[in-house]
Amino acid sequence: MVGVVYLSILILILIFYISFILPTQWLKIERVKHPLNLSLKILQISDLHVERLRISPSRITTIIHNEKPDYIFLTGDFTKIRKSLNKLEKYLRALTICNVPIYCVLGNHDYQQKNVMDLIKMLRRYGLHVLRNESVYLDPFELIGIDDFDSGMSNIEASFKTVDPSRTKVVITHDPNIVLHMNKHYDYLMAGHLHGKQFNIPFFFRIKDAGKLPRMGIYKGLHKNQYGTYYISKGIGQTGINARFLVRSEMTMHYL
């Protein structure tokens, strides 16, 4: 009888691990092809939430070495906990050791830092280009970084102010809900924030208010509206409870 009880407990622990913990470690490389004739490979990493991240820095470095992207775009939510900045440094070293140009935007959790400028200074110290409602001229496209919509930091007009309309326009931002408020044309937009639900249960975004877009059933993957095509990453880390259900952690290779 005691043996049966122990076996039952072990089975329950295994079921819990497979259902809720394994998806946070079983990283998936999503591959998205969107023909913009740029001949570029861009690696998107979103929602690190390093305080609840089970993907090791060395694994990220290995993926970058194997995939050989032309650029790395980080679409926000590094950490909201000040004491986790030390852990973030380990990931920044893992990212920058590969000598790939890195551009990033901030997320809503980043703005929950006691002093967000400490985070920004750290990112810049490691050579990351932090875009805050601004654009940069890259070869062969314009990269537009729009600050976090959920935090009320977005300024679409400022972001597009110096953009050459004749060039291909790629946007990085954190909260994809901004696409419902944009009146600027773009060729491709990358976002995160919604974690692909994180817990794949019916009516999740009816219970959790994450904006109008997920309530419309749009919370991951490739989509298009009248202004352009956009992609929502499921992210690599977790927020709230350090678990996922039927939603694997993701890093995304975009072939443009």
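## Pocket, annotated segment and cysteines

Six nonpolar, eight polar and five charged residues make up the lining of the largest pocket. The model is predicted.

That lining comes to 19 residues. Those nearest the pocket centre are His-109, His-193, His-195, Lys-208 and Thr-239. The space in this pocket is about 340 Å³.

Next, the annotated segment. In UniProt, an unreviewed entry places the feature "transmembrane region" at residues 6-27. In the model, residues 6-27 are 91% helix and 0% strand. The C-alpha atoms at the two ends of this stretch lie 31 Å apart.

Now the cysteines. How many disulfides does a search of the whole structure find? The search finds zero. A disulfide is a covalent bond between the sulfur atoms of two cysteines. The cut-off for a pair of cysteine sulfur atoms is 2.5 Å. Cys-98 and Cys-104 can be set side by side.

| Residue | Closest cysteine sulfur | Sulfur distance | Relative accessibility |
|---|---|---|---|
| Cys-98 | Cys-104 | 16 Å | 13% |
| Cys-104 | Cys-98 | 16 Å | 0% |

Why does Cys-98 form no bond with Cys-104? The closest cysteine sulfur to that of Cys-98 is in Cys-104, and 16 Å is too far for a bond. Seen from Cys-104, the closest cysteine sulfur is in Cys-98, again too far at 16 Å.

Are these residues buried or exposed? Cys-98 counts as buried because its relative accessibility is 13%, and buried means under 20%. Cys-104 is buried too, with a relative accessible area of 0%.

Technical notes. Residues numbered from 1 in each chain as written. Predicted model: local features only at pLDDT ≥ 70, side-chain atom pairs only at ≥ 80, totals over all residues. Heavy atoms only, no water. 1 Å grid on protein atoms, 1.4 Å probe; cavity = no way out; pocket = protein on both sides within 12 Å on 5 of 7 lines; lining within 4 Å. Points joined across faces, edges and corners; volume = space filled by probe spheres on them. Nonpolar A, V, L, I, M, F, W, Y, C, P; charged D, E, K, R; others polar. UniProt positions renumbered as here; feature names shortened; annotations may be inferred. Helix = DSSP H or I, 4+ residues; strand = E, 2+ residues; numbered from the N terminus. Buried < 20%, exposed > 50% of the residue type's maximum accessible area, 1.4 Å probe, protein only.
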